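Me: I have a structure open and some questions about it. Can we go through it together?
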There are 2 protein chains.
Amino acid sequence: MTTLRRVADRPTWLLSRANARAQGLLAEAFAAAGVRGYHFRLMAALEQLGPCSQADLGRATAIDRSDVVAVLDDLDAWGLTRRKPDPADRRRNVVLLTEDGAARLEELDAVLGGVQEAVLEPLSAAERATLLRLLRRLAPEG
Amino acid sequence: MTTLRRVADRPTWLLSRANARAQGLLAEAFAAAGVRGYHFRLMAALEQLGPCSQADLGRATAIDRSDVVAVLDDLDAWGLTRRKPDPADRRRNVVLLTEDGAARLEELDAVLGGVQEAVLEPLSAAERATLLRLLRRLAPEG
DNA sequence: TCCTGGTCGTTGGTAGGACCAACGATAGCC
DNA sequence: GGCTATCGTTGGTCCTACCAACGACCAGGA
């Protein structure tokens with residue numbers, strides 16, 4: 001691609017390119033494992049919060065309630081999570097991580113770790129720390 | 001949002017958050033000016049390359065040929081670009097930037113500059129330089 | 001000269017992430 | 001009992017990014 005004077009070297013552009021590469025590697029690794037990012041995020045939240053409602057999961061992961069439904073449909077079908085009606089509140093489902101789900105989460109966490117290594121591969125350890133510190137300052141709420 | 005141990009602090013996550021903020025500011029500023037990123041990228045390429053075919057524009061901007069069509073439809077309708085059949089090759093259109101287009105490009109370039117300032121606002125000048133240097137190393141092809 | 005392979009603009013479709021509005025059912029408060 | 005809010009769910013939208021295929025056209029070799 002021809003270097004575009006008015007576009008390349010803009011921080012917004014560099015950020016989008018670096019992110020595109022990272023998300024590409026991530027999506028590729030997750031796809032090879034048969035999942036998408038939403039599946040991992042939901043399972044990670046479920047493990048951390050313990051059994052909870054779909055609305056709680058949505059809030060914890062910043063995933064829209066309507067999208068939570070579809071992702072849980074997948075996870076349920078795969079036997080990684082289970083929905084049960086909440087006896088204390090009949091509007092709610094209690095969602096819980098199965099044993100298979102917990103095991104799968106560990107596998108996917110390792111996949112995710114490998115992706116981080118691939119993304120940061122061009123940088124030294126000190127540079128990685130610097131980058132993360134600066135990115136944290138740029139990112140919202142944190 | 002509850003901090004998710006297995007997700008937050010991952011470089012891929014920080015990158016996506018920082019990028020989301022930057023792209024949000026960018027999209028907002030462009031939307032206020034009545035355009036999207038593609039419109040700017042295409043006009044920037046057109047100014048830099050001079051009159052050329054749609055396929056050339058697609059290659060220069062890494063925008064798919066099929067998307068170039070729709071964006072040029074907009075720009076033509078706004079009087080910012082013009083398509084003419086290429087007499088030397090009847091498969092092609094020659095696309096050129098009108099005077100209005102060149103003027104609009106300058107305006108939008110200033111808008112883009114303002115966004116960069118807003119994005120990097122949390123960082124000092126030295127930190128900004130460091131960040132850009134590191135991001136360049138992470139981004140593909142350059 | 002014909003044929004083949006490649007390119008051009010264009011149409012139409014897909015995918016993922018992120019949203020939003022609305023519904024019936026249900027809970028909690030006054 | 002009535003009002004308001006929340007729950008899960010359905011069914012959309014938008015944007016960026018792709019990909020496949022079409023008819024038209026060009027350039028090369030046989």
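Reply: Yes. One term to start with: helices here are DSSP runs of H or I, at least four residues long, and are numbered from the N terminus. By that numbering, B:Asp9 lies in the segment before helix 1 (11-32) of chain B. Keep in mind that this is a predicted model.

Me: OK. What is the sign of phi at B:Asp9, positive or negative?
Reply: Positive, near 75°, and B:Asp9 is a residue other than glycine. B:Ala62 is another non-glycine residue with a positive phi, near 60°.

Me: And where does B:Ala62 lie?
Reply: In the loop between helix 3 and helix 4 of chain B.

Me: Switching to the two protein chains. How many residues does each give to the contact?
Reply: Chain A gives 56 residues and chain B gives 56 residues.

Me: And how much area is buried between chain A and chain B?
Reply: About 5400 Å², with 64% of it coming from carbon and sulfur atoms. On the chain A side, the residues that lose the most area to chain B are A:Arg6, A:Thr12 and A:Leu138, which together make up 14% of what that side buries.

Me: Why quote an area at all?
Reply: The accessible area lost when the parts come together is often used to give the size of an interface.

Me: Right. How many salt bridges are there across the interface of chain A and chain B?
Reply: The rule finds 16 across that interface. Over all chains the count is 32.

Me: Give me a couple of examples.
Reply: A:Glu47 forms one with B:Arg6, where the closest N and O atoms are 2.4 Å apart. Another joins B:Asp109 and A:Arg10, with 3.3 Å between the closest N and O atoms. That second pair crosses between chains, from helix 5 (residues 99-120) of chain B to the segment before helix 1 of chain A.

Me: How many residue pairs are in polar contact across that interface?
Reply: 28 pairs. As for which parts of chain A touch chain B, helix 1 (11-32), helix 2 (37-49), helix 3 (54-61), helix 5 (99-120) and helix 6 (125-138) each give two or more residues. Helix 1 of chain A gives the most, with 13 residues.

Me: What classes of residue are on that side of chain A?
Reply: There are 30 nonpolar, eleven polar and 15 charged residues on the side that touches chain B.

Me: How do the two chains line up with each other?
Reply: A turn of 179° and a shift of 0.1 Å along the axis lay chain A on chain B with an RMSD of 0.2 Å. The two copies are therefore related as by a two-fold rotation axis. The same surface serves both copies, since 100% of the contact residues of chain A recur in chain B.

Me: Now the DNA. Which residues come nearest to strand C?
Reply: A:Ser66, B:Gln54, B:Ala55, B:Arg83 and B:Arg91, out of 22 residues around DNA strand C. By class, the surface near strand C divides into three nonpolar, six polar and 13 charged residues.

Me: Which part of strand C do they approach, the backbone or the bases?
Reply: Both. Of the strand C atoms within 4 Å of the protein, 62% belong to sugar or phosphate and the rest to bases. For phosphate oxygens of strand C, a polar side-chain atom of B:Arg83 lies 2.8 Å from one. The matching distance is 3.2 Å for A:Arg36, and an N or O atom in the side chain of A:Arg41 is 3.3 Å from a phosphate oxygen.

Me: And which helices supply the surface near strand C?
Reply: Helix 2 and helix 4 (65-77) of chain A, with helix 3 (54-61) and helix 4 (65-77) of chain B, each supply at least two residues.

Me: What about strand D?
Reply: There are 21 residues around DNA strand D, and A:Gln54, A:Ala55, A:Arg83, B:Tyr38 and B:Ser66 come nearest. The side chain of A:Arg83 has an N or O atom 2.8 Å from a phosphate oxygen of strand D. A polar backbone atom of A:Asn93 is 3.4 Å from a phosphate oxygen of that strand.

Me: Which atom of strand D is 3.1 Å from the side chain of B:Asp67?
Reply: A base nitrogen, and the distance is to an N or O atom in that side chain. Helix 3 and helix 4 of chain A, with helix 2 (37-49) and helix 4 of chain B, are the elements that give two or more residues to the surface near strand D.

Key:
Residues numbered from 1 in each chain as written. Chains lettered and ligands numbered in written order. Predicted model: local features only at pLDDT ≥ 70, side-chain atom pairs only at ≥ 80, totals over all residues. Heavy atoms only, no water. Contact = heavy atoms within 4.5 Å. Buried area = accessible area lost by both parts, 1.4 Å probe. Salt bridge = Lys/Arg side-chain N within 4 Å of Asp/Glu carboxyl O. Polar contact = N/O pair within 3.5 Å; in protein donor to acceptor, adjacent residues only side chain to side chain. Nonpolar A, V, L, I, M, F, W, Y, C, P; charged D, E, K, R; others polar. Least-squares fit on C-alpha atoms with pLDDT ≥ 70 in both. Near = heavy atom within 4 Å.
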